[in-house]
Amino acid sequence: MSMTGVTCDNDCVQKYEALKTKSTCQGIEFAIEGDKIIAAKEFAKGTSWADFVKSMPNEARYYVWDFSFEDEGVSKSKLLFITWNPDSGKIKTKMLYAGSKDALKKKIEGGLIEVQANDVDDLDLELITGRARKGF
């Protein structure tokens, strides 16, 4: 449980494990409903980074994304944990998501690169690729 009282639904962990081990989808969107974090949406395998960024809502969310990139001619992928908390969002919602992310992160920890994004510029492909190459 987070300091906001929000807990993580067990389905979130199952969907994350399926993404991590079986590559069942490209990414997962997590949302807070009531006092639980739920897996709200799965992105089809092969969804591009550009299409993912275009789909960002105007409200806070969490995402786990299987990010694919090239590093010295070798195809690689890293899992990203993205906290999407847009500047244009409602203050109360922004605070709820900021204070609740640990409830999800503690359940799905393990090798994730954490990205805090407040607008689409924070999700620039070159910026994210550079972070993925460095591993943080």
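## A tour of salt bridges

Begin by selecting Lys105 in this predicted model, where Lys105 is partly exposed, with 27% of relative accessible area. Now add Glu114 to the selection, since Lys105 and Glu114 form a salt bridge in which the closest N and O atoms are 2.6 Å apart. Glu114 is also partly exposed, at 28% relative accessibility.

Before moving on, it helps to know how many salt bridges a search of the whole structure finds. The search gives eleven, and the tour visits some of them, including the one you have just selected.

Next, select Lys15 and Glu42, whose side chains meet in a salt bridge with an N to O distance of 3.0 Å. Colour helix H1, residues 10-22, and strand E3, residues 36-43, because Lys15 lies in the helix and Glu42 in the strand, so that this pair ties together parts that are 27 residues apart in sequence. Lys15 counts as partly exposed at 25% relative accessibility, and Glu42 counts as partly exposed at 38%.

Now turn to Glu29 and Arg61, whose side chains meet in a salt bridge at 3.3 Å, N to O. Glu29 lies in strand E2, residues 27-33, while Arg61 lies in strand E4, residues 61-71, so the pair ties together parts that are 32 residues apart in sequence. Are these two residues buried or exposed? Glu29 has a relative accessibility of 10% and counts as buried, and Arg61, at 15%, counts as buried as well, because the cut-off for buried is under 20% relative accessible area.

Finally, keep Glu29 and Arg61 selected and add Glu59, for these three residues are linked in a network of salt bridges.

Technical notes
Residues are numbered from 1 along each chain as its sequence is written. This is a predicted model: local features need pLDDT of at least 70, side-chain atom pairs count only at pLDDT 80 or more; totals for chains, interfaces and linings use all residues. Side-chain values use heavy atoms; hydrogens and water are left out. A salt bridge is a side-chain nitrogen of Lys or Arg within 4 Å of a carboxyl oxygen of Asp or Glu. Helices (H or I, at least four residues) and strands (E, at least two) are DSSP runs, numbered from the N terminus. Buried means under 20% relative accessible area, exposed over 50%, partly exposed in between (1.4 Å probe, protein chains only).
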